[in-house]
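These are my notebook entries on a single protein chain. I set out to look up its overall make-up, the packing of its helices and its aromatic rings.

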Amino acid sequence: MNLQAKIKRDINSHALMACHDLNGELASIDFKALSRHSDDGGEAAYTVENGVATIDIRGLLVPETSSDYRSWGVTGYANLANYIQQANDDYTVTSIILDIDSVGGYVKGQHLVDEAIADSTKPIQTFVSGNAYSAAYRIAVMTDRIVAAQFAGIGSIGTIVKHTEQVSRLKQIGITVTNIRSGKWKAVFGDDEPLTDEQLAEIQSGVDANAQEFFEHVASYRGLNADTIASLEGRCFDATRAKELGLIDEIADSVSTSSQATQSNNNPEEYDLNELEKAQAKIAELEKSEAQAKQEAVDAKAAALAAQNKLAESQASTRQAAIDKLAADTGRTFTDEQTDAFKAMDEAQFAVAEFMAKPIEAKAPELPDGLDKAQATNGREGGESAIMAAVNAAKAQGAK
């Protein structure tokens with residue numbers, strides 16, 4: 001089944017749409033040219049300039065396409081989610097811009113793009129170069145910033161279901177269809193019978209539930225009230241009115257033009273960076289600080305090692321001088337092994353070894369108590385000292 005047939009089948013089965021002028025969008029698609037298109041690599045998923053990847057979103061938004069049909073006015077949600085992931089994986093890409101010109105499309109499949117944007121590690125902005133209606137605007141509000149061209153269209157926030165009834169036409173050609181059902185909801189909503197009030201209410205219930213989710217989705221990302229969004233009743237706005245309502249952030253020819261709009265020609269310090277550029281500047285600053293801190297740590301380690309080596313050299317020189325002095329004082333010659341052993345000692349150990357290596361100095365014997373040096377060396381009589389005379393006298397007295 002080709003893409004056109006699938007879309008018609010989905011519409012006839014009452015697929016929920018978030019789309020402005022669905023019939024007009026379908027009429028603008030060249031399905032014949034699209035059917036002849038062969039996927040030979042096709043156009044690039046995105047273009048990159050100065051680190052910014054631009055992903056085009058064009059035409060009717062459908063759950064998925066077998067090829068890249070954006071040039072023919074059809075974008076698949078699954079394809080778009082894949083493009084966003086590719087840009088995130090691309091090391092040459094620092095940020096992403098979604099360039100939107102679409103009237104919206106299916107409700108089914110939107111979650112794939114929601115998840116891709118939420119999981120993006122790189123900043124994403126929207127530039128509305130044409131229109132961002134309905135499901136297309138739903139994508140835009142999830143990005144960090146929405147910039148729209150002067151004549152862009154914004155809005156159509158809501159959902160729709162198409163039901164075509166052909167009872168009168170069938171009667172004209174003499175055909176009457178009778179549906180025999182096992183239950184009142186079996187095979188209802190067909191185009192061969194009119195809708196009952198109950199059936200209409202059932203379809204309306206689904207539309208209202210999805211629309212409420214859409215209102216709350218927009219309100220949460222734009223900082224608005226869901227009831228305020230609902231009160232817009234699906235209206236479409238030009239860029240000026242959309243900015244007044246808070247649906248977009250800025251009007252400019254491009255995202256890059258917008259980011260430079262407040263730059264002063266006379267004073268560059270007055271340049272008001274947008275959020276993306278601020279984030280990029282902060283990252284660069286942190287990376288620079290981290291690199292500087294790493295270099296300072298390397299330099300500090302090198303300085304500490306140099307000081308440690310210098311201290312070791314000084315200690316070795318001092319110890320060698322002490323060993324040389326010990327050899328001179330003791331008249332000894334130390335072997336290399338002894339010298340190495342001395343060098344390996346700490347200060348306390350070397351002090352003990354130094355003490356043990358030096359000879360003990362001889363001391364004069366101490367004199368007995370009561371006898372001074374003069375008494376021991378003077379007063380000699382008859383060639384004998386007074387000491388010896390006293391000793392001899394004591395011996396003689398003892399002999400008696």
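The entries below run from the whole chain to single residues.

**Entry 1: the whole chain.** I noted at the outset that this is a predicted model. I counted 16 helices and 10 strands in the protein chain. Of its 400 residues, 36% count as buried. I then turned to contacts between residues at least 6 apart in sequence, and found that 67% of them join residues at least 24 apart.

**Entry 2: helices α4 and α5.** Two packed helices are described by the angle between their axes and the distance between the axes. I looked up both for α4, residues 77-89, and α5, residues 110-119: the axes come within 8 Å and cross at roughly 10 degrees. Angles under 35 degrees count as roughly parallel, so I recorded α4 as roughly parallel to α5. On the α4 side, the contact is made by Tyr77, Ala78, Leu80, Ala81 and Ile84. On the α5 side, I listed Gln110, Leu112, Val113, Ala116 and Ile117. I sorted the residues of this contact by character and obtained nine nonpolar, one polar and no charged.

**Entry 3: the buried side of α5.** I next asked which residues of α5 are buried. They are Gln110, Val113, Asp114, Ala116 and Ile117. These residues cover an arc of only 165 degrees around the axis, which puts them on the same side of α5. The face turned away from that side carries the exposed residues Ala118 and Asp119. I also looked up what covers the buried residues of α5, and the cover includes helices α4, α6 (135-140) and α8 (197-222). Strands β1 (17-19), β5 (95-106) and β6 (124-133) belong to that cover as well.

**Entry 4: the buried side of α14.** I repeated the search on helix α14, residues 347-357, where the buried residues are Phe350, Ala353 and Ala357. Their arc around the axis is only 65 degrees, which places them on the same side of α14. On the face turned away from the buried side, I found the exposed residues Glu347, Ala348, Val352, Phe355 and Met356.

**Entry 5: aromatic rings.** How many aromatic pairs does a search of the whole structure find? I recorded one. The ring centres of Phe334 and Phe342 lie 5.1 Å apart and the ring planes stand at 80 degrees, so I entered the pair as edge-to-face. The last point I checked was whether these residues are buried or exposed. Both Phe334 and Phe342 are buried.

Methods:
Residues numbered from 1 in each chain as written. Predicted model: local features only at pLDDT ≥ 70, side-chain atom pairs only at ≥ 80, totals over all residues. Heavy atoms only, no water. Axes fitted to C-alpha atoms, helices over the stretch in contact; angles between N-to-C directions. Helix = DSSP H or I, 4+ residues; strand = E, 2+ residues; numbered from the N terminus. Parallel < 35°, antiparallel > 145°, perpendicular 65-115°, else oblique. Contact = heavy atoms within 4.5 Å. Nonpolar A, V, L, I, M, F, W, Y, C, P; charged D, E, K, R; others polar. Phe/Tyr/Trp six-rings, centres within 6.5 Å; stacked < 30°, edge-to-face > 60°. Buried < 20%, exposed > 50% of the residue type's maximum accessible area, 1.4 Å probe, protein only. Arc of directions from axis to C-beta.
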